[in-house]
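This report looks at the enclosed and open spaces of one protein model and at a sheet beside one of them. The sequence and structure are shown first.

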Amino acid sequence: MQNKKEFSTRRQKLLTLMGEGVAIIPTAPEVIRNRDSHYPYRFDSHFYYLTGFKEPESVLILVAGKEPKSILFCRDKDIEREIWDGFRYGAEAAKTEFEFDETYSISQLDEIVQKLLANQSKLYFGLGADTVWDARMAGWLNAVKNQARTGVTAPDEVVDIRKLADEMRLFKSASELDTMRRSANIAAGAHFRAMQRTHVGMMEYEVEAEFLHEFYRKGAQAPAYTSIVAGGANACTLHYNANNRKLSDGELLLIDAGCELDGYASDITRTFPVNGKFSAAQKDLYELVLSAQAAAIAAVKPNNHWNEPHEAALDVLVQGFIDFKLCKGSKTEVLETGVYRQFYMHRTGHWLGLDVHDVGEYKKTGEWRALEPNMVLTVEPGCYVRPADNVPEHFWNIGIRIEDDVLVTKTGNEVLTTNAPKTVADIEAAMHK
């Protein structure tokens with residue numbers, strides 16, 4: 001569990017990186033689902049990373065320079081509203097509890113922010129992320145510029161604060177990794193539960209319900225994303241999420257599902273036979289993807305570049321596609337022409353953290369960046385075979401993806417999601433318990 005000191009330390013580091021100027025970082029707004037009903041509230045990841053504060057209608061302002069300080073604007077303490085909507089810290093309690101230098105009511109934001117922007121050289125802000133905030137920021141800057149005759153100057157440079165914050169977030173602390181391990185274990189348990197309970201004739205949404213049950217039962221606050229529960233041909237649609245088809249005998253079920261625990265996502269994909277037994281064709285392609293994933297995971301280690309796991313997976317997959325008569329020609333020809341994309345059309349992973357597709361650059365100065373300890377990424381090769389004239393019929397409608405969450409360590413890697421069965425033997429054993 002992250003303590004308030006860790007959030008304070010992050011703010012101090014960001015202030016140092018800024019050097020001078022003012023950063024304005026709002027949290028996410030509440031969103032109406034329909035009429036008087038809201039979507040479940042979820043804070044902005046950058047805001048939470050720097051504050052640990054989960055309430056809506058909040059803004060963090062960092063003032064860098066000779067006298068750096070962090071300021072929180074939040075909702076007022078309001079007992080009447082708390083009766084309806086739940087607890088609020090209020091400015092006074094938030095200052096003590098979260099170690100801010102100053103705190104104010106969110107109603108004072110317009111007044112105070114103009115004073116904070118006056119005579120500053122730089123404004124750090126995520127321009128383009130939200131049109132409402134873009135307009136509000138333009139209004140504040142114009143108000144400061146209108147004071148020019150009194151000798152007040154406005155920032156003449158706008159810097160994207162996300163560039164600095166993204167790089168910080170890419171490297172996970174010990175407490176972040178503890179949370180991510182717990183999130184991964186909950187999700188792995190949910191995949192195991194699904195394997196045990198899936199049977200012919202079930203609806204995809206019934207399997208999804210097993211995941212939700214396990215997520216909430218183990219303390220996760222939400223799914224990390226809309227779960228993909230794709231039986232048979234549905235598995236060949238990468239982002240399928242209707243989850244409303246009946247599962248049939250003899251087909252595979254692909255499940256891409258993870259949970260969010262204290263803000264941090266897990267992301268696991270497993271593919272298994274609905275009836276508990278792989279057919280020969282299913283087993284051939286499944287073990288190909290599993291071998292590709294093993295090669296990719298082996299390439300996750302310090303100083304390897306970001307793309308090496310993808311290249312390792314692709315090398316194994318392409319040779320398999322040739323062996324199974326899915327692709328024709330030499331490996332070099334298949335890679336150069338890109339015909340393999342008929343069966344494998346996505347990349348092999350992404351950063352993972354507070355966001356499922358987490359922040360962080362994949363290239364630096366035009367080159368794939370080197371992997372470093374405390375980065376966390378997914379490794380998820382796949383194979384998707386739709387019916388086609390050039391495809392052997394016994395492979396039709398087989399969709400397979402195998403995905404794990406992997407931490408880069410000082411000497412190699414740690415697979416965080418290892419508790420979710422993935423060998424043919426382990427999957428079949430889990431389904432026959």
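## Pocket, cavity and sheet

In this predicted model, the lining of the largest pocket comprises 7 nonpolar, 7 polar and 6 charged residues. That lining is made up of 20 residues, and those nearest the centre of the pocket are H239, D256, H350, H357 and E380.

The structure also contains 1 cavity of 30 Å³ or more. W306, P309, H310, R347, T348, G349, L377, T378 and V379 form the lining of the largest cavity, to which helix 11 (308-323) and strand 17 each give two or more residues. The greatest contribution comes from strand 17, with 3 residues.

The two spaces are set out by volume and by the classes of their lining residues.

| Space | Volume | Nonpolar | Polar | Charged |
|---|---|---|---|---|
| Largest pocket | about 480 Å³ | 7 residues | 7 residues | 6 residues |
| Largest cavity | about 70 Å³ | 4 residues | 4 residues | 1 residue |

Strand 17 also belongs to an open sheet of 3 strands, which has the order 17-20-21 and antiparallel pairing. Strand 17 (376-379) and strand 21 (413-415) are the edge strands, each of them pairing on one side only, and neighbouring strands of this sheet are turned against each other by 30 degrees on average, direction ignored. The antiparallel pairing of strand 17 with strand 20 (residues 404-408) extends over 4 bridges; V379, a residue of the cavity lining, has D404 in strand 20 as its bridge partner. Helix 10 (residues 280-298) lies across strand 17, strand 20 and strand 21, and runs at about 160 degrees to strand 17.

Methods
Residues are numbered from 1 along each chain as its sequence is written. This is a predicted model: local features need pLDDT of at least 70, side-chain atom pairs count only at pLDDT 80 or more; totals for chains, interfaces and linings use all residues. Side-chain values use heavy atoms; hydrogens and water are left out. On a 1 Å grid over the protein atoms alone, a cavity is a set of points where a 1.4 Å probe fits but cannot get out, and a pocket is an open set with protein on both sides within 12 Å along at least five of seven lines; lining residues have an atom within 4 Å of a point. Grid points are joined across faces, edges and corners, and a volume is the space filled by probe spheres set on the points. Ala, Val, Leu, Ile, Met, Phe, Trp, Tyr, Cys and Pro count as nonpolar, Asp, Glu, Lys and Arg as charged, and the others, Gly among them, as polar. Two strands pair if DSSP finds at least two bridges between them. Axes are lines fitted to C-alpha atoms, for helices over the stretch in contact, and angles run from 0 to 180 degrees between N-to-C directions. Contact means heavy atoms within 4.5 Å.
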